[in-house]
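Please examine the sequence and the structure shown below. The paragraphs that follow offer a guided reading for someone meeting this structure for the first time.

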Amino acid sequence: MALAETTVDRDALAVLQPGFTGTTAPDWLLRRLDEGLAAVGLFGRNITGPRQLADLTAELRKVRPDVLVAVDEEGGDVTRLEARQGSSFPGNLALGVVDDTVLTSGVAAELGRRLAACGVNLDWAPSADVNTDPGNPVIGVRSFGADPALAARHTAAYVTGLQSAGVAACAKHFPGHGDTSVDSHESLPRIDVPYDVLAGRDLPPFRAAIDAGVRAIMTAHILTPALDAGRPATLSRAVLTDLLRGDLGYDGLIITDGMEMRAVAATYGVERGAVLAIAAGADAICVGGGLADDATVCRLRDALVAAVRAGELAEERLADAAGRVRALARWTASRTPGGLVANPGIGLEAAHRALRVTGQLTPLTAAPYVAGFTPVANIAVGDETPWGLGPALAGLLPGTLTGTFAGADAGTSALAAAGGRRIVAVVRDEHRHSWMSAAVTTLLRARPDTVIVEMGVPHAPPRGAVHLATHGAARVCGVAAAEVLAGVR
């Protein structure tokens, strides 16, 4: 009995993918790795640079050589490797706009090479969502686009490129988070469309990922009544076992989205949600974006063990889930790192190719005023990552001044701050923010020569003397826009 209990305890730990605070591994985490924990999730708070990250992952592997070290590194707006300076790679929307699958695969391979060099072997990317709702508050530029076929071919290319570096890819958020107007970090989104719409619109990128050999798929905390009217996808056997395993034939690891997100935590609770997710067919519980301590790991472990003992969760299902986690660890361990040739310039190349200019652009010759209209960042992106093009433009046109504005008086405040300088207005999803749109209108009425740079989804009609669409707010997108505005590219 003691051995059986020990096995269940270790399996319960093996299915968890927790986070922690700090840039070195805390003692409690190392102890849990020794007891059976098989994976660790890293976030921006854990990373200061490549050398530190490599030291951290080496510290973890001293205790457990086969540990899965995961990170939410999409490139573009969602970056953890470069959370403090902005990504060297444009995100999915930019790659979708270029629509060159060789480029997409190359970007993913270079990103994977950098992850592998730091000891990361599981990337919670790419987003395979088809962003059909322009008002989507959480996906947006993280999607390759609104066309299912385009999203499918680029999802496959990204998976192939990332995994060529020995880093397991994780297509997300199954069965598709693109047609939502609610952020699942905040509440439970609902997609009310017939199954044939889901099958033709949302599922093709996941089918393509599976065909490309994707090693992991992440679930979405969304309710899709056509699949399951009672439970969100993360907790639904109909979605995870019947559809993903059965109909789509997927045999890899199924990872939940963050269990502390309110779509699950506020309705089922984190512990109950973890039990239901494993019972439904998930294999790994992602937790740690918000809850990042030993108490959380122990609570989830104990909840899973108690569910097995109470007959609410089959011991065989838990063992199967733990076995899939260990199988992915073996796959990553079998990869040979260092086989790829570095391609450090591919990110800037991709950002330039994604740039779209409307109007007659005459390069700026005098230092302008860059007015950034800054919305509240969604939780997936985070507010610690800088964005815009002020620093990049200042490097090319010394004396450039910048300011950040928001709210009802943003436009008039920007005009006053700019004085007589040419204004470059930087927006992000103008169509989603009425105050931002009003600010642009105010600027253009007073200063028709204002240049508009849209660094989100360019759904609003182009306005201004010149309009640039970068299709993402990564640092490298700002650099590309600045180089064009200054006439150096």
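His467 has a relative accessible area of 7%, and because buried means under 20% relative accessible area, His467 is classed as buried. The model in which this value was computed is a predicted one. His467 belongs to strand β14, which covers residues 466-469. When neighbours within four places in sequence are left aside, the residues in contact with His467 are Arg356, Val357, Thr358, Ile452, Glu454 and Pro462.

Val167 offers a second example of a buried residue, with a relative accessibility of 0%. Val167 is located in a loop, the one between α6 (148-164) and β5 (168-174). Which residues surround Val167, once neighbours within four places in sequence are set aside? The contacts of Val167 are Gly112, Leu115, Ala116, Val120, Asn121, Leu122, Asp123, Leu162 and Trp331. A distance can be added to this picture: Ala109 is 58 residues away from Val167 along the chain, and the C-alpha atoms of the two are 9.2 Å apart.

The discussion now turns to the nonpolar cores. The largest nonpolar core comprises 112 residues. Within this core, the residues with the most contacts are Leu16, Leu60, Trp124, Phe174, Ile217 and Ile255. Ile255 touches Gln17, Leu122, Trp124, Cys170, Ala216, Ile217, Met218, Thr219, Ala284 and Cys286, not counting its neighbours within four places in sequence. There is also a second, separate core, made up of 24 residues, with Leu389, Leu397, Val466 and Ala486 among them.

The cysteines may be considered next. How many disulfides does the model contain? The count is 0. Cys118, for instance, is in no disulfide, and the nearest cysteine sulfur, belonging to Cys170, is 20 Å away. A disulfide requires two cysteine sulfur atoms within 2.5 Å, so a separation of 20 Å does not qualify. Cys118 is buried, at 7% relative accessibility. Cys477 is buried as well, with a relative accessible area of 2%.

It remains to consider the empty space. Rolling a probe the size of a water molecule over the atoms reveals where such space is left. The largest pocket has a volume of about 550 Å³. Its lining consists of 28 residues, and those nearest the centre of the pocket are Phe43, Arg80, His185, Gly289 and Ile379. By class, this lining contains 9 nonpolar, 9 polar and 10 charged residues.

The second largest pocket has a volume of about 470 Å³. It is lined by 34 residues, of which Val376, Ala377, Asn378, Val381 and Arg428 lie closest to its centre. The lining of the second largest pocket divides into 13 nonpolar, 12 polar and 9 charged residues.

Enclosed space is a separate matter. A search of the whole structure yields 1 cavity of 30 Å³ or more. The volume of the largest cavity is about 30 Å³. Which residues line the largest cavity? The lining is formed by Glu74, Gly75, Gly76, Asp77, Val78, Gly91, Asn92, Val141 and Arg142. Sorted by class, these residues are 2 nonpolar, 4 polar and 3 charged.

Notes. Residues are numbered from 1 along each chain as its sequence is written. This is a predicted model: local features need pLDDT of at least 70, side-chain atom pairs count only at pLDDT 80 or more; totals for chains, interfaces and linings use all residues. Side-chain values use heavy atoms; hydrogens and water are left out. On a 1 Å grid over the protein atoms alone, a cavity is a set of points where a 1.4 Å probe fits but cannot get out, and a pocket is an open set with protein on both sides within 12 Å along at least five of seven lines; lining residues have an atom within 4 Å of a point. Grid points are joined across faces, edges and corners, and a volume is the space filled by probe spheres set on the points. Ala, Val, Leu, Ile, Met, Phe, Trp, Tyr, Cys and Pro count as nonpolar, Asp, Glu, Lys and Arg as charged, and the others, Gly among them, as polar. A nonpolar core is a set of buried Ala, Val, Leu, Ile, Met, Phe, Trp, Tyr and Cys residues joined through side-chain atoms within 4.5 Å. Buried means under 20% relative accessible area, exposed over 50%, partly exposed in between (1.4 Å probe, protein chains only). Contact means heavy atoms within 4.5 Å. Helices (H or I, at least four residues) and strands (E, at least two) are DSSP runs, numbered from the N terminus.
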